[in-house]
Amino acid sequence: MKDEIKMTSHQQAVDALRDLLGDRLSTGPSILDLHGRDAAYSTPRAPDAVAFPDSTEEVSEIVRICARHGCPVVPFGIGSSLEGHVIPVQGGISLDMSRMNRVLKVNERDLDAVVQPGVTRTQLNRELRATGLMFTVDPGADATLGGMASTRASGTNAVRYGTMRENVLALTVVLPDGRIIRTGSRARKSSAGYDLTHLFVGAEGTLGIITELTVRLFGVPERIHAATCAFEDVESAVDTVILAIQSGLPMARIELLDDFQMKGMNLLSPELDLPEKPHLFLEFHGTEAGVGEQVETFRDIAEAHGVSDFRTATRTEDRNRLWEARHNAYFAAKALMPGCSAVLTDCCVPISALAECIARAKSEIASSGLIAPIVGHVGDGNFHLSILIDPENPDDFARAKDLATRINAAALDLGGTVTGEHGVGTGKMRYMRAEHGEGWDLMAQIKRAIDPANIMNPGKIVEA
């Protein structure tokens with residue numbers, strides 16, 4: 001009976017939304033299927049309908065209708081999330097933000113831009129080309145800025161330029177009752193009240209729908225220099241990075257790839273032709289003289305830790321080729337086992353504990369009998385596993401989930417977090433009590449206070 005009442009209320013919301021949106025409300029099977037899955041190994045669940053709003057005001061009206069009928073609302077960017085964030089686990093309306101994709105204003109003198117949530121990071125950077133400015137948060141996927149803010153995304157540039165937490169200045173948000181609020185301002189600091197902006201950054205759509213963002217920009221550096229270098233073991237690579245950071249080198253990118261990952265990289269991109277040893281992929285930003293000094297200082301530090309095959313890239317096309325290969329690490333990992341699926345996980349620890357955490361991870365991988373290449377934003381202490389499985393073998397999936405659990409437990413034991421980048425969604429809720437203790441209960445209290453009917457992306461982050 002309860003499920004029948006829910007289905008009826010959802011259908012009433014769909015009918016009301018069709019009157020509002022017309023053909024911008026879809027119940028087509030292919031559209032529902034697309035909005036019922038993400039980019040990872042999550043259990044699909046189709047929404048009842050998909051809405052395509054054009055404005056903040058329209059999002060507000062959609063939410064008001066859904067609130068009246070107790071119908072869930074799940075925001076959707078491009079579906080590149082990795083922990084089930086966009087999957088409507090209780091049905092309802094998938095709110096596709098792709099039509100809200102305008103760069104509203106670029107404030108060159110103040111180094112910020114105002115954008116709608118459907119703008120992607122590459123779209124924004126294309127529009128910034130003539131200004132000499134850049135948006136720096138780069139999670140690899142061409143994700144939308146609304147989705148990146150909702151998951152508190154980071155990526156390869158975070159060691160120098162920060163994550164979405166540091167790069168979102170202000171938001172416009174539609175609350176669960178349809179009210180529209182604006183948080184923060186274009187000022188670089190404020191002591192005025194609670195920091196509401198960062199309450200919504202990382203909330204994964206469980207507290208409200210982001211409909212506008214003000215983000216920080218940076219000047220494009222005069223000189224960019226990339227490099228790769230190999231080490232005999234992961235510990236030597238990590239120790240090199242720790243000493244480089246302690247020495248004050250302003251590294252822009254420091255990526256770690258283990259030997260299995262490098263084997264996959266060579267299979268996918270044979271032109272790389274790099275040794276199948278643990279590697280660092282590096283990038284240095286600054287002036288001509290400054291970058292040259294950074295490279296030589298880093299080389300000296302690396303040589304003290306047994307570096308080999310130190311290669312540099314200064315031409316734009318060579319740098320782009322290198323970072324394209326890094327961003328394709330997922331596909332490179334899958335090249336190790338044709339026809340496989342991958343269970344993805346990440347964790348983050350203090351940098352001083354990174355080598356130990358990766359050593360534990362490699363031990364657990366060996367015990368599991370699975371193949372799981374490792375890549376990481378080593379300057380942040382964050383690393384990722386692509387755990388390869390036979391999609392036809394349920395035992396593989398069970399072992400992969402157990403492996404992920406063991407590695408996340410190791411991260412917590414070393415003073416870290418179960419996710420430095422992917423977010424919680426449904427996939428990492430099981431670890432929240434262990435990481436946050438009573439703090440997780442407080443998160444649930446905040447959720448209930450803002451969204452008492454639990455219509456905003458229910459079933460994610462907290463148990464409300």
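Let's start with a single facing pair: I224 stands opposite H285 in strand 14. The model you are looking at is predicted, and this pair is a handy way into the part of it built around strand 14.

I224 falls within the range of strand 12, residues 223–230, and eight bridges join that strand to strand 14. The two run antiparallel. Strand 14 has a second partner in strand 13, which spans residues 251–257. Here six bridges make the connection, and once more the strands run antiparallel. If you would like a landmark for this second pairing, look for I254, which stands opposite L282 in strand 14.

Now turn to strand 14 itself, residues 279–286. How many of its eight residues are buried? The count is eight of eight, so to speak a strand that is mostly covered. Its side chains can be sorted by direction: H279, F281, E283 and H285 point one way, while L280, L282, F284 and G286 point the other way. Residues of both sets are buried, charged E283 being among them.

Two phenylalanines of this strand, one from each set, lead us on to the aromatic rings. A pair of aromatic rings is described by the distance of the centres and the angle of the planes. The count of aromatic pairs comes to four. In one of them, the rings of F281 and W323 have centres 6.3 Å apart and planes at 80°, so this pair is edge-to-face; the angle is over the 60 degrees needed for that label. The pair links distant parts of the chain, since F281 is in strand 14 and W323 is in helix 12 (residues 316–327), 42 residues apart. Both F281 and W323 are buried.

On the other side of the strand, F284 forms an aromatic pair with F298. This pair is edge-to-face too, with 6.0 Å from centre to centre and 70° between the planes. F284 belongs to strand 14 and F298 to helix 11 (residues 288–303), so the contact ties together parts that are 14 residues apart in sequence. How buried are the two rings' residues? F284 has a relative accessible area of 0%, and F298 also comes out at 0%, so each counts as buried, the limit being under 20%.

Finally, have a look at two arginines. The charged end of R253 sits over the ring of W323, 4.4 Å from its centre, and W323 is the partner of F281 that we met above. R299, in turn, lies over the face of F310, at 4.3 Å from the ring centre.

Terms used: Residues numbered from 1 in each chain as written. Heavy atoms only, no water. Buried < 20%, exposed > 50% of the residue type's maximum accessible area, 1.4 Å probe, protein only. Helix = DSSP H or I, 4+ residues; strand = E, 2+ residues; numbered from the N terminus. Pairing = 2+ DSSP bridges. Phe/Tyr/Trp six-rings, centres within 6.5 Å; stacked < 30°, edge-to-face > 60°. Lys NZ or Arg CZ within 6 Å of the ring centre and 35° of its normal.
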